[in-house]
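Could you walk me through this model in my viewer, one selection at a time? I would like to know what to pick next and what I should find there.

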Amino acid sequence: MGMEIVLSRSIFTEESITVGVTSVGLTAATFAPANAIEARYALITVETDAIRWYASGTAADASGHLTNNGDVIELQGNENVRNFRAIRVTANATIRVSYGR
């Protein structure tokens with residue numbers, strides 16, 4: 001049985017991001033489009049391999065939060081969305097991100 005996720009935000013866009021050996025953040029042009037309200041919420045699913053991450057703005061490294069393939073990360077607040085950074089653990093990973101307000 002899969003994990004149930006209840007969305008309490010209005011989702012306005014999504015994106016897929018490849019997480020590799022260099023710390024990567026979410027795409028500002030996607031979560032903060034010009035002349036629109038910035039995302040205050042992000043639902044992130046890890047889809048292909050494990051990642052490590054921080055939401056403090058610090059570049060992710062081997063001591064970041066470990067999140068495995070199939071796990072879900074929920075970020076609340078536009079600062080956490082802006083500051084999210086991830087790095088792969090063993091092989092490149094794909095994360096799927098839905099943004100809400």
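Here is a tour in a few stops, through the sheets and then the side-chain contacts.

**Before you start**

Keep in mind that this is a predicted model.

**Stop 1: the sheet with E3**

Select E1, E8, E3 and E6. In that order, these four strands make up an open sheet with antiparallel pairing. The edges belong to strand E1 (11-19) and E6; each has a single partner strand, so one side of each has no neighbour in the sheet. Going from one strand to the next, the twist averages 20 degrees.

**Stop 2: strand E3 and its partners**

Now keep strand E3 (residues 41-46) highlighted. Five of its six residues are buried, so E3 is largely enclosed by the rest of the structure.

Bring in strand E8 (residues 93-100), which pairs with E3 in the antiparallel sense over six bridges. Two places to click are Val46, whose bridge partner in E8 is Ile95, and Ile44, whose bridge partner in E8 is Val97.

Then turn to strand E6 (residues 72-76). E6 and E3 are also antiparallel, and five bridges pair them. Select Leu43 and you will find Glu74 of E6 opposite.

**Stop 3: the two faces of E6**

Stay on E6 and show its side chains, which alternate along the strand. Which of them are buried? Ile73 and Leu75 are, and they point to one face. Val72, Glu74 and Gln76 point to the other face and are not buried. Glu74, the residue opposite Leu43, is thus on the face that is not buried.

**Stop 4: the other sheet**

Select E2, E7, E4 and E5. These four strands form an open sheet in that order, again with antiparallel pairing. Strand E2 (24-25) and strand E5 (65-67) are at the edges with a single partner strand each, so each has one side without a neighbour in the sheet.

Zoom in on E2 and strand E7 (residues 85-88): they run antiparallel and are joined by two bridges. Click Val24 to see Ala86 of E7 standing opposite.

**Stop 5: a salt bridge**

How many salt bridges does a search of the whole structure find? It finds one. Select Arg82 and Glu38, whose side chains meet in a salt bridge at 2.7 Å, N to O. Arg82 is in helix H2 (residues 78-83) and Glu38 is in the loop between helix H1 (28-31) and E3, so the pair ties together parts that are 44 residues apart in sequence. Color by accessibility here if you like: Arg82 has 41% relative accessibility and counts as partly exposed.

**Stop 6: aromatic rings**

A search of the whole structure finds two aromatic pairs. For one of them, select Phe31 and Tyr99: the ring centres are 6.0 Å apart and the planes are at 40 degrees, so this pair is tilted. Phe31 lies in helix H1 and Tyr99 in strand E8, so the pair ties together parts that are 68 residues apart in sequence. Are these two residues buried or exposed? Both Phe31 and Tyr99 are buried.

**Last stop: a charge over a ring**

Finish by selecting Phe12 and Arg101. Arg101 lies over the face of Phe12, 3.6 Å from the ring centre.

Conventions. Residues numbered from 1 in each chain as written. Predicted model: local features only at pLDDT ≥ 70, side-chain atom pairs only at ≥ 80, totals over all residues. Heavy atoms only, no water. Buried < 20%, exposed > 50% of the residue type's maximum accessible area, 1.4 Å probe, protein only. Pairing = 2+ DSSP bridges. Salt bridge = Lys/Arg side-chain N within 4 Å of Asp/Glu carboxyl O. Phe/Tyr/Trp six-rings, centres within 6.5 Å; stacked < 30°, edge-to-face > 60°. Lys NZ or Arg CZ within 6 Å of the ring centre and 35° of its normal. Axes fitted to C-alpha atoms, helices over the stretch in contact; angles between N-to-C directions.
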